[in-house]
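Student: I should like to learn how the features of a protein model are read. May we take them one at a time?

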Amino acid sequence: MTFDLFDALPADPDTPPATEPLGPGAVVLRGFARDLGSALLQAVGEVSAGSPFRHLITPGGLRMSVAMTNCGEQGWVSDRTGYRYDPVDPDTGRPWPAMPGAFRQLALDAAEAAGYPGFAPDACLINRYLPGTRLSLHQDRDELDLRAPIVSVSLGLPAIFLWGGLRRADRPSRVRLAHGDVVVWGGPSRLVFHGIAPLAAGDHALTGSERINLTFRKTH
Ligand code: MD3
Ligand code: FE
């Protein structure tokens, strides 16, 4: 066993990305998607050309602050009647754009790196944040198979992720998610309450004033 001063230096940008356990079944893969950032963002542009970003209405009648679109066989939507996965974009009347191959491969690779081999998502929800946009504490439980993990990819401006517990009242901890960070949530962490604090203003080289988040899910 050796220890020297190099151990105290900041990580070389070329070293493999670190994996940080976040909780039972949940890991942060720091920078896992960093090199893919511009290709992923270009694909987001193509998806949103077919199914534009929109502010969904919650069952309670509130307009969501985050703008959303989807790609893949299923898309998450909300309206006055409730939340659901739908194979058709209600705004265009057409199926959601196909999931780009680079998205599918990244989700598979990240899930495997986190210990969930063979992840085959049928939905990718794309969230767009501008300064001030927030996502209040919620659980994701509209998916039929809660054994599959969710893979999330952060692009553009950094955000503070709020990570609570299994009860809404559990006080959340705060985790900074930056461009290229990938988080895999499975096992006992799949049903934790979580959210995003209001986005701070900034200027990112690839997205300007935006944060984009991809969440890959197996819904059926
Ligand atoms: C933990 N999105 O779309 S991604 C969501 O950054 C959502 O846009 C946030 O929460 C965002 O539902 C957070 C991280 C995330 C996604 C789903 C989870 C964490 C999760 C599901 C269960 C537990
Ligand atoms: Fe969520």
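Tutor: Let us begin with charge. Lys and Arg count as positive and Asp and Glu as negative, whereas His and the chain ends are not counted. In this model, which is predicted, the protein has 21 positive and 23 negative side chains. The centres of these two sets lie 10 Å apart.

Student: How many helices and strands does the protein have?

Tutor: There are 2 helices and 13 strands in the protein. Helix H1 covers residues 37–50, and helix H2 covers residues 101–113. Among the strands are E6 (123–129) and E7 (135–138), with a loop between them, and strand E10 (residues 173–177).

Student: What radius of gyration does the protein have, and what would a compact globule have?

Tutor: The general idea is to set the value of the model against the value expected from chain length. A compact globule of 220 residues would have a radius of gyration near 17 Å, and the protein agrees, because its own value is 17 Å. Along its principal axes, the C-alpha trace spans about 60 × 35 × 35 Å. Contacts add a further view: of those between residues at least 6 apart in sequence, 73% join residues at least 24 apart.

Student: What share of the residues is buried, and how much surface does the protein expose?

Tutor: A residue is called buried under 20% relative accessible area and exposed over 50%, with partly exposed in between. By this reading, buried residues make up 48% of the 220 residues. The protein exposes about 11,100 Å², of which carbon and sulfur atoms supply 57%.

Student: Which residues coordinate the iron ion (ligand 2)?

Tutor: For a metal site, one names the donor atoms, then their distances, then their places along the chain. The iron ion (ligand 2) is coordinated by NE2 of His-138, OD of Asp-140 and NE2 of His-194, at 2.0 to 2.3 Å. These donors follow the spacing H-x1-D-x53-H. Water is not among the atoms, so the site may look incomplete.

Student: Is Asp-140 buried or exposed, and how does His-138 count?

Tutor: Asp-140 is buried because its relative accessible area is 9%. His-138 has 22% relative accessibility and therefore counts as partly exposed.

Student: Where is Gly-132 placed, and which residues is Gly-132 in contact with beyond its neighbours within four places in sequence?

Tutor: Here one compares separation along the chain with separation in space. Gly-132 is in the loop between strands E6 and E7 and, at 44% relative accessibility, is partly exposed. Apart from neighbours within four places in sequence, Gly-132 is in contact with Ser-65, Pro-198 and Leu-199. Ala-197 is 65 residues from Gly-132 along the chain, yet their C-alpha atoms are separated by 8.5 Å. For Gln-42 and Gly-132, 90 residues apart along the chain, the C-alpha separation is 24 Å.

Student: How do Gln-42 and Gln-105 count in accessibility?

Tutor: Gln-42, in helix H1, counts as exposed because its relative accessibility is 54%. Gln-105, in helix H2, counts as partly exposed at 42%. Gln-105 and Ile-196 are 91 residues apart in sequence and 26 Å apart in space, C-alpha to C-alpha.

Student: Which residues does Arg-176 contact, leaving aside its neighbours within four places in sequence?

Tutor: Arg-176, in strand E10, is in contact with Arg-30, Pro-158, Ala-159, Ile-160 and Asp-181 once those neighbours are left aside. Arg-176 and Val-44, 132 residues apart in sequence, are 22 Å apart in space, C-alpha to C-alpha.

Definitions and conventions:
Residues numbered from 1 in each chain as written. Chains lettered and ligands numbered in written order. Predicted model: local features only at pLDDT ≥ 70, side-chain atom pairs only at ≥ 80, totals over all residues. Heavy atoms only, no water. Helix = DSSP H or I, 4+ residues; strand = E, 2+ residues; numbered from the N terminus. Rg over C-alpha atoms; globule rule 2.2 N^0.38 Å. Buried < 20%, exposed > 50% of the residue type's maximum accessible area, 1.4 Å probe, protein only. Contact = heavy atoms within 4.5 Å. Areas by Shrake-Rupley, 256 points an atom, 1.4 Å probe, with all protein chains shown as cover. Charge placed at Lys NZ, Arg CZ, Asp CG, Glu CD. Donors = N, O, S within 2.8 Å, 3.2 Å for Na, K, Ca; no water.
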